[in-house]
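User: Please walk me through this structure. Keep it short.

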Amino acid sequence: MLTRLPGVRALIDEGSYFVLHAPRQWGKTTALLDLAATLNREGKHVAAVLSLEPGAAFTDPGAAELAILDSWRYDLAAYLPADVKLPRWPEAPPGNRIGAALSAWAQESPRPLVVFLDAIDSLPREVRTSVVCQLRAGKPRSPRAFPWSLGVASLRGPHEDEGEATGFQNIEGEAVSLPGFNRDDVAAIFAQLKEPTGAETLPGAVERAFELTQGHPFLVCALAQRLAELGQGQRRPVVASDVERARDALLEQRGGYLDELDGRIREARLRAVLEQIMVGTVRELPAEDVRATIDLGLVRRMSDGRLVIANPIYLGLVRRSLPGAARSIFPAEQPPWVGPDGRLDPPRLLEAFLDFWRRHGEELFSTAPYNELSPLVLTAFLHRVVTSGGMIEREYAIGRGRMDVCIRQGGEALAMVVKVRRDREADPVPEGVTQVEEALDRLGIEVGWLVVFDRRTGLPPVSQRLASSKETTEDGREIVVIRA
């Protein structure tokens with residue numbers, strides 16, 4: 001776990017203050033607990049992780065301070081080295097109790113004091129501001145009368161909060177982003193499956209787990225747990241298809257943080273952000289709503305500024321919740337596009353989609369909150385491929401003007417590019433056909449569709465204009481073009 005914090009040790013040695021930021025369920029607390037334990041074993045510092053969450057129930061800073069300091073006594077009794085006495089909190093007026101406690105403890109500590117404050121984001125704004133002001137006031141007294149080094153675990157970096165003091169606004173502190181798991185981390189966690197199941201994990205399973213989670217620590221551990229449960233008594237190696245089964249079980253059973261996320265996804269303000277991200281048109285949405293999806297770990301911002309759903313598992317969770325109106329009219333019988341051998345039958349899938357869109361397209365267009373929801377409805381339709389044993393992967397949207405989808409089932413694969421045509425825009429088919437061919441080359445498959453949702457005004461009803469045709473590329477490939 002300490003390999004995820006390579007620069008933090010240097011900051012502590014320098015006596016620096018810092019913010020460790022990452023989304024929810026990213027392992028911030030675990031990483032800091034491991035670091036504190038290591039520092040205490042080495043014997044050069046006194047280190048402790050202290051939670052601010054007990055103050056979350058209070059809007060009055062004075063009452064919150066009392067709850068926090070009372071909780072700290074229990075934390076310190078559990079984690080301090082045996083040769084370090086429990087500190088005594090001095091009497092202090094409301095609004096100064098946290099700073100006074102840290103000051104007194106630093107003076108009593110037999111070695112330089114290192115404190116990690118966890119869950120600062122849980123505090124109400126008034127309490128959070130009070131705590132940060134006390135830290136800011138105490139820092140100049142370090143190290144004689146304030147901690148030698150102090151870290152704050154936060155969802156956000158020091159300057160990501162537009163004026164709110166969730167971290168170290170206006171404090172000279174370093175910002176450290178906690179990375180997710182890399183492939184080696186995933187392999188190490190999955191190697192532990194051999195003990196409960198007796199089964200070796202093959203490299204393909206590790207690679208698939210990394211693709212599905214994108215290194216999200218909570219999801220990696222949750223997948224490993226599901227694999228352990230599904231693999232009881234199984235001695236054969238763990239392969240990629242086992243990871244797929246574990247993913248499906250995770251999304252079906254949910255529980256814990258996934259249940260919490262499912263509830264948040266259904267909130268109108270967050271749903272509006274997620275819908276627009278999925279269809280590729282993030283408009284003027286409240287910055288705090290966008291930020292909330294990032295804090296939850298549902299969304300991440302790419303280096304070029306694009307917003308994407310954070311990983312395929314969260315994409316599956318979002319897709320199951322959106323849009324409810326479209327999903328409610330899907331037929332319940334076994335989908336006709338699955339052949340007797342369990343393989344995807346693209347022509348039958350095309351027939352099913354055209355029939356569905358002919359009967360329901362106009363209704364869905366009229367009830368959609370905005371025109372660009374069309375690709376999202378298609379994604380929800382294709383979710384039935386997942387429920388029938390298939391898989392939808394590699395979806396891209398923001399900044400590209402399209403959505404790319406790869407459908408896999410029973411060894412058969414289909415690449416799809418989805419585009420929306422609006423008023424005063426050129427026909428997207430020529431460009432789209434080229435993009436489908438690029439996707440086929442990239443994925444190493446042969447079957448491709450281009451789906452164009454025409455949202456120009458004054459068009460005939462969907463049932464009258466819906467059509468499919470074939471376009472032949474320069475390389476001789478036949479691309480199915482659907483105009484909806």
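Questions and answers on burial, cores, the pocket and the backbone follow.

Analyst: This is a predicted model, where local features need pLDDT of at least 70, side-chain atom pairs count only at pLDDT 80 or more, and totals for chains, interfaces and linings use all residues. Residues are numbered from 1 along each chain as its sequence is written, and side-chain values use heavy atoms, with hydrogens and water left out.

User: Which residues of helix α11 are buried, and what arc do they cover?

Analyst: Helix α11 spans residues 257-265 (helices are DSSP runs of H or I, at least four residues; strands are runs of E, at least two; both are numbered from the N terminus). Its buried residues (under 20% relative accessible area, 1.4 Å probe, protein chains only) are Y257, L258, L261, D262 and I265. They sit on the same side of α11, because the arc (from directions of the helix axis to the C-beta atoms) is only 145°.

User: Is T293 buried or exposed?

Analyst: T293 is found in helix α13, residues 287-295. Beyond four places in sequence, T293 touches L270, V273, L274, L298 and V299 (contact means heavy atoms within 4.5 Å). Its relative accessibility is 0%, so T293 counts as buried.

User: Which residues have the most contacts inside the largest nonpolar core?

Analyst: A nonpolar core is a set of buried Ala, Val, Leu, Ile, Met, Phe, Trp, Tyr and Cys residues joined through side-chain atoms within 4.5 Å. The largest has 46 residues, and α9 gives the most to this core, with seven. The residues with the most contacts inside the core are F190, L298 and Y314.

User: What does L298 contact, leaving aside neighbours within four places in sequence?

Analyst: L298 is one of the residues with the most contacts inside the largest core. Its partners are L261, I265, L274, T293, V308, I309, A310, Y314 and V318.

User: Where is the cis peptide bond?

Analyst: P143 lies in the loop between α5 (125-138) and β4 (149-154). Omega is about 5° for the cis bond, which joins S142 and P143.

User: What is the phi of Q25, and what is its relative accessible area?

Analyst: Q25 lies in the loop between β1 (17-21) and α2. Its phi is near 55°, a positive value in a residue other than glycine. Q25 is partly exposed (between 20% and 50%), with a relative accessible area of 36%.

User: What is the relative accessible area of R424?

Analyst: R424 is in the loop between β10 (412-421) and α18 (429-443). Its phi is positive, about 65°, although R424 is not a glycine. R424 is exposed (over 50%), at 86%.
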